[in-house]
Amino acid sequence: MVDSDTRVRPGGPAASAGPPVVPQEFSRILLIAVTIAVLTEVLRAAFPSFGHFATASGAVTATAAILIVSLAGFLAPVARAVAGPRGLLVAGVGGLLAVRLAVQALPAALWPDLAGVAFGMLALTALYETARGLSGTGFAVAVVGGLTGDTALSLAFGTWDPAARGGVLPWLACVIIVGAGAFALVRQMRVPPIEAPAIGWRDALGAAALGPFLALQILVLASPAFAASSGWLSLPVAGAVVLAAQSLTLAFLSSGLAVAAVPGGVCVFGGALLGVGAGAVTGRYGLTGVVAVAVVVAGQVLSAWLLAVACRVPLRRGGYRGRRAAGTDGASVASVAARPRDLGGRAWRIDLGVAVGGLLAALVLLPYQAHYAEPLPLPNKVLPGAAGIVLGLLSAIAAARGGPLPARSWARALGAGGGALVLLVVPAAYAVTAPETSRAAAQPGTFRLAAYDIDQAVDADGRLDPEAVARTIEAQHADVVALQSVGRGWPLSGTADVGSWLARRLGMRLVWGPAADQQFGNAVLSRLPVRASGTGRLPVGAGPQARGYVWARIDAGGGRTADVWSVDVQHGADRTRTRLAEIGSLLQAWSGAPHTVIAGNLDAASGRPEANRITGQGDLRAAGGDAVVSVFGTGDLGFGDTVTGPHRSVLAATVRVVG
């Protein structure tokens, strides 16, 4: 159970024993948790649509339009003035739940995604109305609890969120989560509003901490796909790491140790550590492996602690350090009680503080992704780094300025942390039910190869659809697939681990090679045994993002192997020189090794300089076909049955190892 305002002052004992001032209703905690879970899922489902919008209208135009919609939180004071605090709650949370249903029910469209952002910004302000009287720790517990449930649900669907897909099970998940939110909302509507505190602008800014906190969670800390691709982990193991980190966070928060009175400088230092860590593992050359895993675990705890501290003041009740208590100025208890209650006049500053936080989240998420199409003056890793630093600064504002503190309870800590650990059954079940990923070649020395630029698995309507990619691969009866434009935690792929999802769906092994950053690149999928693999980056040149390659040594049976390379280069009519430099670097890395296939989006149609550069060195030759992607092989390989797939983005051929 989460403590409410029991008038415990920093450094002092409780003023009196007895029941809490604000009823400790489970529905409040449930409403906060469900709202956070729905908001993060709706945002993730919207990212591919926003990317499609950017492709059609330009990255700058799309980013500006989405940022304008993100200003919807600033309408909260108007909604409060017109409809009161309960009306704000219905407009924000109720509207967000309705959008969640619309996203599930309607075909891909831009307007539900824009509506999701708008109502999400309003919902954030409504959460502070719902949580008033809770300690900052109580609010943080509810928020992290919602993120934990969202992580488990996302893992159950292989990180391809239910909101972005059809079918019975996604609809069932939608009905359950929206039903839980509607139940909690109806319960909360029956509770009288709680008087807002009289606080200044500086204190109200503490409410803005929720924005950068959520941005870090979506990009890094609560993303199993990020942990998998940056930590070089399988998706089930990465999901277990994230859930374990969230369980540890819930235990720490529920223990009551999280918001003991601390100097503001400690919060600033904590925010600096969080920012440096987030910046270090994101962007083009982010750190990987153990470092990335450590940032996910430590950052989860640190960010939630900073959120708990920052929210203490905005969550105070009216009268708690907001005006002098009865008797301190000679007034009687009766005269103070007789004063008219101001249920909304003092809350509008907090509303605007939350709206600033929502805008900060958009200013981190959107430019971070848009940077890969329209580069920023600084590396995009600066944005998540700045989010951590800002979170620390906002928490420093509230660090020593009062607000309710919860009592310490190890039993509560064990209950919260242990309860969340139960969710580890989800990644465990996901791992146990994984299909067999390798088998011997049906005809020794021969395998079916497909090269496929999947464009982040986003369809022509702007909706994430890896199932369509899987069916296209199945139609080619491929044993080995060279994939390009694969997202593994990229916002434009809805932060889904598309590479891992496809590998599981097709019963293949995933060999990963990062390019633009660790969350986007190339992959080789193989149902045949993989004996060795490697990856590397290509020179950036005039392009907006780094490109790369990955190779896998495939056991074709009969004691014969073939190296399959998957590569993507810069695109655009004005970047021929950059592509030639990239191809030169690629050929240097290849070094003339025998039994090699180089496949991918090389912009190397017959007769172009790129194709001539490839076939002019060594004994590489084209496998034929007329597709966006190309396949080149050494002379000791034979190619037959070459087929161009749908939309010319697929080229398949039968490869024979003849040398």
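**Cavities, a pocket and salt bridges in a predicted model**

The count of cavities of 30 Å³ or more in this structure comes to four. The largest cavity holds about 160 Å³ of space. Which elements give two or more residues to its lining? They are H1, H4, helix H8 (210-221) and H14. I should state at the outset that the model before you is a predicted one.

Let me stay with the largest cavity for a moment. Its lining consists of 18 residues, and those nearest its centre are Leu43, Met121, Ala361, Ala362 and Leu365. Helix H14 provides the largest share of that lining, with five residues.

I turn next to the largest pocket. Its volume is about 1300 Å³. The lining of this pocket is made up of 49 residues, and Gly51, Thr55, Asp455, Gln456 and Leu492 are those that lie nearest its centre. At least two lining residues come from each of the following: helix H1 (26-57), helix H2 (59-69), H14, strand S1 (446-453) and helix H18 (466-475). Which of these gives the most? Helix H1 does, with seven residues.

One of the residues nearest the centre of the pocket, Gln456, merits a further remark. Gln456 sits in the loop between S1 and H18. Its phi is near 65 degrees, which is a positive value in a residue other than glycine. Is Gln456 buried or exposed? With a relative accessible area of 12%, Gln456 is buried, because buried means under 20%. A second residue other than glycine with a positive phi is His595, where the angle is near 50 degrees. His595 is placed in the loop between helix H20 (576-590) and strand S8 (596-601).

Now to helix H4, which we met in the lining of the largest cavity. Helix H4 covers residues 110-131, 22 residues in number. From its first C-alpha to its last, H4 reaches 32 Å, close to the 32 Å expected at 1.5 Å a residue. How many of its residues are buried? The number is 18 of 22, and H4 is therefore described as mostly covered. Just after this helix, Gly133 takes a positive phi of about 100 degrees.

Helix H4 also leads us to the salt bridges. The structure holds 18 of them. In one of these, Glu129 pairs with Arg80, and the closest N and O atoms are 2.7 Å apart. This pair links distant parts of the chain, with Glu129 in helix H4 and Arg80 in helix H3 (residues 76-105), 49 residues apart. Glu129 is buried, its relative accessible area being 3%. Arg80 is buried as well, with a relative accessible area of 6%.

Arg80 has a further partner. It forms a salt bridge with Asp351, and here the closest N and O atoms are 2.7 Å apart. Again distant parts of the chain are linked: Arg80 is in helix H3 and Asp351 in helix H14, 271 residues apart. Both Arg80 and Asp351 are buried. These contacts belong to a network of salt bridges that links Arg80, Glu129, Arg132 and Asp351.

Another salt bridge joins Glu467 and Arg505, whose closest N and O atoms are 2.9 Å apart. Glu467 lies in helix H18 and Arg505 in helix H19 (residues 498-506), so this pair ties together parts that are 38 residues apart in sequence. How do the two partners stand with respect to burial? Glu467 is buried, with a relative accessible area of 16%, whereas Arg505 is partly exposed, at 28%.

I close with helix H14, residues 348-370. Gly358 has its place in this helix, and it is buried, with a relative accessible area of 2%. Gly358 and Phe74 are 284 residues apart in sequence, and their C-alpha atoms are 9.5 Å apart in space. Val356 is also found in H14. Val356 is partly exposed, with a relative accessible area of 31%. Where does Val356 appear on the surface? It is part of a nonpolar patch formed with Ile68, Leu71, Phe74 and Leu205, and together these residues have about 380 Å² of accessible area.

To recapitulate for H14: this helix supplies five residues to the lining of the largest cavity, at least two to that of the largest pocket, and Asp351 to a salt bridge with Arg80 of helix H3.

Definitions and conventions: Residues numbered from 1 in each chain as written. Predicted model: local features only at pLDDT ≥ 70, side-chain atom pairs only at ≥ 80, totals over all residues. Heavy atoms only, no water. Helix = DSSP H or I, 4+ residues; strand = E, 2+ residues; numbered from the N terminus. Expected span 1.5 Å × (residues − 1). Buried < 20%, exposed > 50% of the residue type's maximum accessible area, 1.4 Å probe, protein only. Patch = residues over 30% accessible without salt bridge, like charges linked within 9 Å, V, L, I, M, F, W, Y side chains within 5 Å. Areas by Shrake-Rupley, 256 points an atom, 1.4 Å probe, with all protein chains shown as cover. Salt bridge = Lys/Arg side-chain N within 4 Å of Asp/Glu carboxyl O. 1 Å grid on protein atoms, 1.4 Å probe; cavity = no way out; pocket = protein on both sides within 12 Å on 5 of 7 lines; lining within 4 Å. Points joined across faces, edges and corners; volume = space filled by probe spheres on them.
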